[in-house]
Amino acid sequence: MDFSHSLSLILPEIVLSVAGLVLLLVAAWGGDKTSRAITIASCVVLAACFAIVAPSVCAAAMGPDTVAFGGQFTADAFAGIAKLMIFAAAGAALVIAPAFFGRYGIMRAEYPVLILFSTLGMAIMVSATDLMTLYIGLELQSLAAYVLASFLRTDDRSAEAGLKYFVLGALASGILLFGMSLVYGFTGTTDFGGIRAALSGGMATGALFGIVFVLAGLAFKISAVPFHMWTPDVYEGAPTPVTAFFASAPKVAAIALTARVALDAFGAQAGAWQQVVIFAALASIVVGALGAIGQANVKRLLAYSSINNVGFILIGLATGTAEGVSAMLVYLAIYVAMTVGSFVAVLMLRNAEGEALEAISDMAGLSRTKPLLALCLAMLMFSLAGIPPLFGFWGKFVVFQAAVQADMVALAAIGIAASVIGAFYYIKIVKIMYFDEPANVVQGRSDWAHWALLAISTAAMSPLGYLLTPWLGELADGAAAALFLAA
């Protein structure tokens, strides 16, 4: 495989790198007055990367032709479909940012640059087929994310969120590195294929500890229980556009990376990691559902909702089958649309002075003061709860179906029962909007970009979303097949 072919496979990453560096220089020379132009340019870059990756996903690219740099990187369909979701979520985070930061007068030129570099790290993460590549991508994504969390320097909560994220992220990185060193020590290689081959003949106790530590480090990145403690505080404290970004794009990247590590590197010892994933899945579903019930802040509620949804996604991974991975990808795509729409709706909750409102009590009677916003938010809440005929139901259905097909009926049954708990706090928001006396505090007007994103998300989650199921299922099946071929 020649060097030029490898470079062609990493074209999206090259575009992101070059664009990020060029726009960083523009930001340094032009200052914050260039922030709008840099944001538009960043959206164009993400759209170009989306167009570059899309053909490989549609063609279900897999096999040796997708491997670059001697097996350290792969541009297969599995990585491609994750990148498409990441690029879309990052673009949404860019579109909704100017109006939010503009109200505080702190729309800085480095915000879109940080989003680009974080996206670059995530693109490397989902294509990594070597522990070294994995760690480079993970740290590139994380370093940009730490700055983004504390971006609102006039807000003490934002500074606190950034510090908490940094400290706990450093701890998770240490756990991950320790696990990687154990895996390398007992297998003699950092290549996923080599690790799989080494573990196929048996597994030493040290290698088992390595697998557990690696999965623990990755569990922090996807905010799975018991490594979820940072999520509510960071989601509440970070600026809302950043929270929308954290809840979507990095979540996709971390889950896709976890799936590749589990099925590719550790696939020969599925029994060792399936127990860990099953526990994390069930614990995340229960803790996320119970933790959200008593929340008074809508961003904290959505943080626990994110933990809850990760549990459902991990059920697909726990099956260890191609059908389970395909279901996981379908759920992820639906989850990204629901999450982006929900946070856009939260951004649109503003008082007459344009100040953001985050208390759930402020949404009382919203159906009478802002009926269209209330309708969109209600549809998104019902979709998150998995109530048919909204499209969110389909995500849960395919995941539970994959679990039943893999003879994990008990896991599916517990997941279904726990999802009923989660429906309570989503329906509570709908009840407050439609049946409580109006609080008359949500009076601010929203710009067209917010309405456009909210309309797209709501339409996708409506029964119209089921028109996408054949197409989305076909893409997910091709991506899952590519992952299992690599394994």
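Contact here means heavy atoms within 4.5 Å, and you'll lean on that at nearly every stop. The model is predicted: local features need pLDDT of at least 70, side-chain atom pairs count only at pLDDT 80 or more, and totals for chains, interfaces and linings use all residues. Residues are numbered from 1 along each chain as its sequence is written, and side-chain values use heavy atoms, with hydrogens and water left out.

**Stop 1: Leu-176**

Select Leu-176, which sits in helix H8. Helices (H or I, at least four residues) and strands (E, at least two) are DSSP runs, numbered from the N terminus. Is Leu-176 buried or exposed? Buried, at a relative accessible area of 1%; the cut-offs are under 20% for buried, over 50% for exposed and partly exposed in between, using a 1.4 Å probe and protein chains only.

Now show what surrounds it. Ignoring neighbours within four places in sequence, Leu-176 is in contact with Leu-134, Tyr-135, Leu-138, Phe-213, Val-214, Gly-217 and Leu-218. Try a distance label as well: Leu-176 and Ala-216 are 40 residues apart along the chain, and their C-alpha atoms are separated by 7.1 Å.

**Stop 2: the other residue in H8**

Stay on H8 (residues 156-187) and pick Arg-157. Arg-157 is partly exposed, with a relative accessible area of 32%. Leaving aside neighbours within four places in sequence, Arg-157 is in contact with Glu-236, Gly-237, Asn-297 and Glu-358. For a long-range label, go from Arg-157 to Gly-478: they are 321 residues apart in sequence and 43 Å apart in space, C-alpha to C-alpha.

**Stop 3: zoom out**

Switch to cartoon for the whole protein chain, which has 21 helices and two strands. Its radius of gyration is 21 Å, close to the 23 Å that the globule rule gives for 487 residues, so the chain is as compact as a globular protein of that length. That radius is taken over C-alpha atoms, and the globule rule is 2.2 Å times the number of residues to the power 0.38. The C-alpha trace spans about 65 × 55 × 40 Å along its principal axes.

Colour by burial next: buried residues make up 60% of the 487. With a surface on, the chain exposes about 17,300 Å², and carbon and sulfur atoms supply 70% of that; accessible areas come from the Shrake-Rupley method with a 1.4 Å probe, and for residues only the protein chains shown count as cover. Of the contacts with a separation of 6 or more, 82% are between residues 24 or more positions apart.

**Stop 4: the core**

Which residues touch the most other members of the largest nonpolar core? Select Phe-101, Tyr-111, Phe-246, Phe-266 and Leu-329, out of 177 residues in that core. A nonpolar core is a set of buried Ala, Val, Leu, Ile, Met, Phe, Trp, Tyr and Cys residues joined through side-chain atoms within 4.5 Å. Helix H15 (residues 322-347) provides the largest share of this core, 18 residues. Another core lies apart from it, with five residues, including Leu-9, Ala-68, Phe-73 and Ala-75.

Centre on Phe-101. Setting aside neighbours within four places in sequence, its contacts are Ile-106, Met-107, Tyr-111, Phe-151, Leu-152, Pro-239, Pro-241 and Val-242.

**Stop 5: H5 against H12**

From Phe-101, bring up helix H5 (residues 97-104) and helix H12 (residues 240-265), which pack at an angle of about 150° with axes 8 Å apart. The axes are lines fitted to C-alpha atoms, for helices over the stretch in contact, and angles run from 0 to 180 degrees between N-to-C directions. Ala-97, Phe-100 and Phe-101 in H5 meet Thr-240, Pro-241 and Val-242 in H12.

**Stop 6: backbone oddities**

Where does Pro-226 sit? Look in the loop between helix H10 (205-221) and helix H11 (231-237); the peptide bond from Val-225 to Pro-226 is cis, with omega near 10°. In that H10–H11 loop you'll also find Ser-223, a non-glycine with a positive phi of about 55°. Ser-223 is buried, at 0% relative accessibility.

Jump to Pro-389, in the loop between helix H17 (371-385) and helix H18 (392-405). A cis peptide bond joins Pro-388 and Pro-389, with omega about 10°. Then take Asp-407, in the loop between H18 and helix H19 (409-435). Asp-407 has a positive phi of about 65° although it is not a glycine, and it is exposed, with a relative accessible area of 69%.

**Last stop: Ser-457**

Finish in helix H20 (residues 448-461) with Ser-457, which is buried at a relative accessible area of 6%. Not counting residues up to four places away in sequence, Ser-457 touches Ala-337, Val-340, Gly-341 and Leu-380.
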